Structure formats: structure tokens, C-alpha cells
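This briefing covers one protein chain, from its overall dimensions down to selected residues. Please consult the sequence and the structure below alongside the text.

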Amino acid sequence: MLDTSFAIHPGNTNQSVHSSHIDIGNMKSFKQTENRFEFACKRGNVALLFYRKDITRVVMNPSGQLRLETSLAVVAAPEEVGIQVKEEEHQLHICSERLAVVVQKQPFRLSFYDETGNLLVREGDLGMAYNEKKEVICYKEMDEDDNYYGFGEKTGFLNKRGEKMVMWNTDMYAPHNPETDTLYVSIPFFMTLREGKAHGIFFDHTGKTTFDMREGGKTYSFAAESGQLDYYVMAGRSPKAVVEQYTHLTGRAPLPPKWSLGYHQSRYSYQSETEVRELAETFRAKEIPLDVIHLDIHYMDGYRIFTFDGERFPDPGRLIAELKEKGIRVVPIVDPGVKEDPEYFLYQEGVYGDHFCKYLHGDIYHGDVWPGNSAFPDFTNTKTRKWWGEKHQVYTDLGICGIWNDMNEPAVFNETKTMDVKVMHGNDGNPQTHRQMHNIYGLLMGEATYTGLKELLHGRRPFLLTRAGYAGVQRYAAVWTGDNRSFWEHLALSLPMCMNLGLSGVPFAGPDVGGFAHDTTKELLIRWTQVGAFTPFFRNHSAIESKRQEPWAFGEEAERIIKRYIELRYRWLPHLYTLFKEAASTGLPIMRPLLMEYADDENVLNLSDQFMLGSTVMIAPILQPGTSHRVVYLPEGNWIDYWTDERYEGGGHRLYKASLETLPIFIKEGAILPHGTAKQSTSDPETKMTFHIYGTPDGKSEYCLYEDDGETFAFEKGEYFELKIGCSFNKDLIKIDMENTSGRFRPTWKEYEFVFHNVSEDVEIIINEDRKLPQLNGEARLPVITVKLD
Ligand code: MIG
């Protein structure tokens, strides 16, 4: 019915919380216990807690007892923060060094300021409220100059001002269009950017939440179906500071194994050992780099997870070992649904071990998924997560180090697309309904899987790919954006989607390159692979019965271009790996919207078709068929064309020509950019490190290259290599200083090469004047420094 006009029948509209709210009213009293303030209001209680001097948390419970435990998304504990309190007749001022909260008493309203007295966000006519159904809502004033970003995985443009968004993890096979709201991942976090300054709000609620950022009124709001309001305000003030603050709360992505940054090939499904072998051989014969092959659901015996089909995959251990020899890893899919089959070991263990989600009165919940009627592990219990993690020994014994989690919203084939919301979660003795915990199911499956793998791999880094997640999912998994289609619109859509995921703490993300459903075309696959080479996660994946889309599927020209861009990915790996290291330590995304680097520039506030890789590289892909031109926006400063070395002045828009062979890439003047060599796999050792130096008339720049063994956690004990390169540019002199600043690891390359761009031919170049050359393989000086002048 809902896809006919009946959907907008006058009798059919939803009663919403917004129309009938009950304000929590006046403050009656308050008490302070160290960093914690509790306010008793006429119709509800509120707590305010400082987590850090720049992060504060607000909890409002409409019906009494405040619950101050957090969801499992939050990994930070409140730190000791110096607080000053000043009480006036109508207000209370509660200030840390970075954040001032003004509490208005009648009615109770909160305003947040930074240390200089600049307003971050405040409540006006409306504040915190609820309704008869116990839905809770928080209103904040919307400033005319507010722009909103983050919100995890959403369709549409970068800037979410004007949008209303619901968070409810959903297996949304189709369509992914601008009004498709709920997708697989829910991250109830956003960043406000106003006149170059940013702050963040994270609404930690694992049930269904709604963010209403529509324009026209004085407020925006965030609301939940039940429970408490529980949100954090982060002081910013730069977009980078907000991401740092948010990932302080919810954690950061661990450094992934280097092989997972290579090229991944997938298909639903490569159905047999023979097919997988042929695929690997074709890649190697054609010398197209490849690090990973994914095994979709057909590898299993009747879709029973932790099993292999004996006929199609008779000897998976041998297959995996052979592929490993070729530098190719295998990543199998694992869904949460466990087939209801009394003769299946996993179902037996789940029942006997009390691991499955149940109704209140004790019946196990069963739902229909790939294997048919299935039970679902209750990942909210520690013992079940442990059990699930240990089961992965089936895979690690075969030499597998990476897992792909799908259907973990959880998806169920029924009207609601998920588990009955009345099902209970044990939640380690604090039982809640699925309605209350739906959005965190995928994150907890991720925790179980990542932690289990890490244990089983004895010091090697696991790789996990997930479809569903909640705030904090970055701690365990890379996220791919689910079932997109081979539409140009979906190529375009993937850019703001991945940029907003990055702003929401998830740096390791990417779409199915080429598009999952529908049939891709030669031109689309070429253009998409060009972009994919620069998205953090790079996997070509397509659906059963869709047109094949391996790199050679469209003839010689396409194959040549696609191969060239996959090779380019491998050349850029040293830079990407360095950015992944930065993400692991600071939370900063790898693929960034321009506003992250140019927050004051009005032209970038909703720029959705260009992105930056780190702070010096800009990618501006062609996103439409049959065209070889596009408008590129270049922010202030000078930019160098990666392909031609042509120099463009920034601060404006330009028409740029890019034939089918060309992905437009611009490098900021002064940048230092490391390149490795094009290899067949990340397993092939790097032999030469090339630094591209982009001259600037006057100035200094710096780069710190990060390297380690790419595979183990030894870097945590000092087995890493950091090379600091400083350049100072004068009119006719460039001085370069290289210094191995820290770490004991010695990289495999034997040679450094410098390539200079945007410098005059007669410039003099001095490298390490004082002869303090970095240590390489234990030798006192560099074996070779090749200095080339373009
Ligand atoms: O209901 O495993 O998004 O990547 O190929 C479909 C089969 C289940 C959905 C995933 C897709 C995967 C497919 N899965």
C-alpha cells in the first residue's frame, strides 16, 4: 500500500512526538558530586557530567531514576576536570577550562559556550521534553548559519541541514535514493559547523532515534522512542577537534593489516575452488594487482556458517595456502543467523549454551534468513561474544585472517526486515528488548568477531568488514556501504556517504566499486575504479546475475585503464598507510570533505563531489557518463595537477578536462607525497621509496612517513619506522632534512628517490646538509639518493 498515493491519505499521518510534548519544566533543586551535577526538575531529572574539559554529557530521565551507565559504544570514562560553579538567581554557571554550561532554572534550559564565551548551542523556547508514549526529545536552537554533518551512513549530499533522519539499522536492498533514510549503519552523532567553528553532539541511544534538522523553524531536535535522553556535547572548535573528541568517546580504528588496503575482488558468489583458482590465476596472468578474494554465501554447506560445502570447496585449506603463495588472502562471509538444524553443531551449542536471543518467556526467537529458519546469537552477553569469537578457529586454522560480516542489522526476511522488537537481550544481566538495543547488534557482533580473531591470530592483525554498525564500530571493522547499484548516481552518492562516515569516526569505508545490483557498464566501471583507488576501502563486488565486473570484463581498453588505477592504488599505499596510522592515533578520517581543511571557506560547505586524501591531496572525479569535463573547486593556495604538473591558482572554480583515462588529482603546493612501486600484492616487499616534492615559492613543509611490518602488533612495542622529512623552499634553494625520528623497525626499501615538481630548473637542492642521514637496514647512510629534476 505504501507505494501508492494511499500513503498520504489524510487519515494516515503519523502522530509525532513534536506536537504533544511535555516540557520537563522548572528546576526545583540541584546537587553536585565532584564532576557530576544532578538537577531535579518539575517533570524529570537531569544529570550533567564532564568527561573531559571539552566534553560534557547530559542525561534526562522523564520518570525518575537517572541511569548513568553508558551503552557499549562509549569507551571513555569521565576524567577529573576542574570545575567552577557560580549560582545566580535565575541561572547556574558550570565551567571547565574549555566549556561553559549555563543552566537556566525556569524553565530548565541548557546553553553551551566555549572558553571565550562563544555560543556553541542553546535551548530557547523549547528544551528537553517527552510525551505520553514516553518518547523523549531534545530541542536546540538552529542558527541561520548552521551546517550539519556526520550522521553515519546516509544518502544525499554532504550537508544534512534541511534533512530529517531516522536511525534504525535496516537491510535496505533498494533503493538507495535521497529519501532512503535508514540504512545499515546508525551513528547518532553530528557536527555543527557555523562560521568556520565546529562543535559536536552524540546522542547515545541504541533504539530508534530521529534527527530533525529541517529548516524553517527556530529549532532542530533529536528524539527517541523511549528511554532517556543521553547526549554528549563536544566543544570543538575545529572540525578536526570534534572528530578527535568524538573518537575519544567511542574509540578509534585499529591499524589494519596492510593487505586489507590493497585491491579486493568479490562477487556474489565465486562458487567453487575452481572458480576462485581461475580468478586468482587470471589476475596474476594479466598482472593486475590483487590482495583479497571474498567468498560470499555459496562457500558454505547449506548456508551454515563455520562450514564449507564439501563438493564445491573440498579442500579450503589447500586453496587458501596456494593463494597465499600468490600474495592473495581469502575473506569469507559470516552472517549472524544460525540454521535451525538439531544436527548442526553450532545450533546445538547455541541452544545448550544458552546463546540465542529469546522471548521473555523463554522461547528462542527464530527468523527466516539464508539458511531458512534461524536463531540469532545474543551478542549483548559477554559469554556469547566470547563463544562466537572462539568459533572462528574454524577459519583461522585454515589460514584465514579476515572476516566479512553481513546481515547483522540483523536482517530477517519479513515485513519489518528485522527481529521481532519484543525479543529480549540478556545484556549481561540488565535485560532490554530488541526495540531498545536494535542498533547496537552489529557493533557487538563486530566486537565478538574482531576480539575472537585477534586472540586466535596470535599477534597478527585481523581484518573485519561489516555491513551494520553503531557508534564505535570503527574499533572493530571497516564498513562497506551495502547494496548500492550500478548507477552513476550511486557513484556520486558514495562520496558524501563515505565522507560523512569519516566524520562520524569511521575512517575505513568504501562502496561496492562498480555497483552491487544492476548491470555496470564499461565507462562506469572505469570511472568507479578510478575513485575506488582512493577510497579507504577498495573492493569490486557485484550481485548474482548482474553483469560480470572483474577488471577484464569490458575488453582491452577498460582493462588497461582499470589496471593502471589499481596499480596507482599500490603506488599510493605508503601515503595511505601513513594516513591510516594517523586515523588510528587521532581518529581523523583518511577521505575528508574539504571543510575539514578549509572550514572557513563557504564554497565547501556542501561540496559533495570532491574529497581530500589527508590534507594535501584533492580528488575531483568525473561522476557522469559521456563526459570528459567537470568543474573543480580549488580552495585558497596553489594546486598542482598530479598528471601534468600544471599549476593552478586556488580560490575559485575551474573547468577541467579529464578523458576516460584520467582521474583529476590536485596536489597542494608544498606537499610531500611518498610513493611506492606498483606491485602484484602488498606481500611483495617495497624496494624503492619515492618522495614527490611539490615546490612552493617560499615556505616550509613537513611529512612524517609511517611504516612497519604491516601484519603484526609488534609496532605497539616499538617495531615501527618513522621518517620525518622537512623541506624549506626558497627561490633558488630547496633544503631537505630527513630524519628517522623514532621506532626500531627497518623498512625493506633500498633506495630513496626524490622527484621535484613545480620548481625552476636551476634550483639548488641540498639533502641533509649535516650528513645525518637516516639509518636504513643498519647502514650508517643511505645506499642511494637519486635526485631527479623534472
Ligand atoms: O540478502 O551474501 O550486502 O554484499 O553479496 C543478500 C549475499 C545478502 C547482502 C550483501 C551483499 C552480499 C549478499 N548479501
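His518 lies in the loop that runs between β34 (512-513) and α10 (522-532). The model is a predicted one. In this model, His518 has a positive phi of about 70 degrees although it is not a glycine. With a relative accessibility of 43%, His518 counts as partly exposed, because buried means under 20% and exposed over 50%.

**Overall form**

- The protein chain has a radius of gyration of 27 Å, which agrees with the value near 28 Å expected for a compact globule of 790 residues.
- Along the principal axes, the C-alpha atoms of the protein chain fill a box of roughly 75 × 65 × 55 Å.
- The secondary structure of the chain consists of 12 helices and 51 strands.
- Among contacts in the protein chain with a separation of 6 or more, 69% are made by residues 24 or more positions apart.

**Surface and charge**

- Of the 790 residues in the protein chain, 61% count as buried.
- The accessible surface of the protein chain is about 29,500 Å², and 47% of this surface belongs to carbon and sulfur atoms.
- The protein chain carries 86 positive and 113 negative side chains, and the centres of these two sets are 2 Å apart.

**Helix α8 and the residue that follows**

- Helix α8 (residues 441-456) has 16 residues and should span 22 Å at 1.5 Å a residue; its end C-alpha atoms are 23 Å apart, so the span agrees with the expectation.
- Helix α8 is mostly covered, with 13 of its 16 residues buried.
- His458, just after α8, takes a positive phi of about 45 degrees.

**Backbone geometry elsewhere**

- Gln106 and Pro107 are joined by a cis peptide bond, for which omega is about -10 degrees.
- Pro107 is placed in the loop between β8 (99-104) and β9 (109-114).
- A second backbone feature is the peptide bond from Gly236 to Arg237, which is cis with omega near 10 degrees.
- Arg237 belongs to strand β20 (residues 229-237).
- Lys417, although not a glycine, has a positive phi of about 70 degrees.
- The loop between β27 (402-405) and β28 (424-425) holds Lys417, and this residue counts as partly exposed because its relative accessibility is 30%.

**Ser504**

- Ser504 is located in the loop between α9 (488-503) and β33 (509-510).
- Ser504 counts as buried, because its relative accessibility is 0% and the cut-off for buried is under 20%.
- Beyond its neighbours within four places in sequence, Ser504 is in contact with Gly150, Phe151, Gly152, Ile187, Phe189, Tyr246 and Gln474.
- Ser504 and Gly472 are 32 residues apart along the chain, and their C-alpha atoms are separated by 9.1 Å.

**Val81**

- Val81 is found in the loop between β5 (55-61) and β6 (84-87).
- A relative accessible area of 10% makes Val81 a buried residue.
- Not counting residues up to four places away in sequence, Val81 touches Asn35, Phe50, Tyr51, Arg52, Lys53 and Ser96.
- The C-alpha atoms of Val81 and Pro188 are separated by 26 Å, and the two residues are 107 residues apart along the chain.

**Arg98**

- Arg98 is found in the loop between β7 (91-95) and β8.
- At 18% relative accessibility, Arg98 counts as buried, because the cut-off is under 20%.
- Leaving out residues up to four places away in sequence, Arg98 touches Lys53, Asp54, Tyr113, Asp114, Glu115, Ala235, Gly236, Arg237 and Gln245.
- These contacts of Arg98 include Gly236 and Arg237, the two residues linked by the cis peptide bond with omega near 10 degrees.
- Lys53 is one of the residues touched by Arg98, and Lys53 is also among the contacts of Val81.
- The C-alpha atoms of Arg98 and Asn606, which are 508 residues apart along the chain, are separated by 29 Å.

Note on methods
Residues numbered from 1 in each chain as written. Predicted model: local features only at pLDDT ≥ 70, side-chain atom pairs only at ≥ 80, totals over all residues. Heavy atoms only, no water. Helix = DSSP H or I, 4+ residues; strand = E, 2+ residues; numbered from the N terminus. Buried < 20%, exposed > 50% of the residue type's maximum accessible area, 1.4 Å probe, protein only. Contact = heavy atoms within 4.5 Å. Rg over C-alpha atoms; globule rule 2.2 N^0.38 Å. Areas by Shrake-Rupley, 256 points an atom, 1.4 Å probe, with all protein chains shown as cover. Lys, Arg positive; Asp, Glu negative; His and termini not counted. Charge placed at Lys NZ, Arg CZ, Asp CG, Glu CD. Expected span 1.5 Å × (residues − 1).
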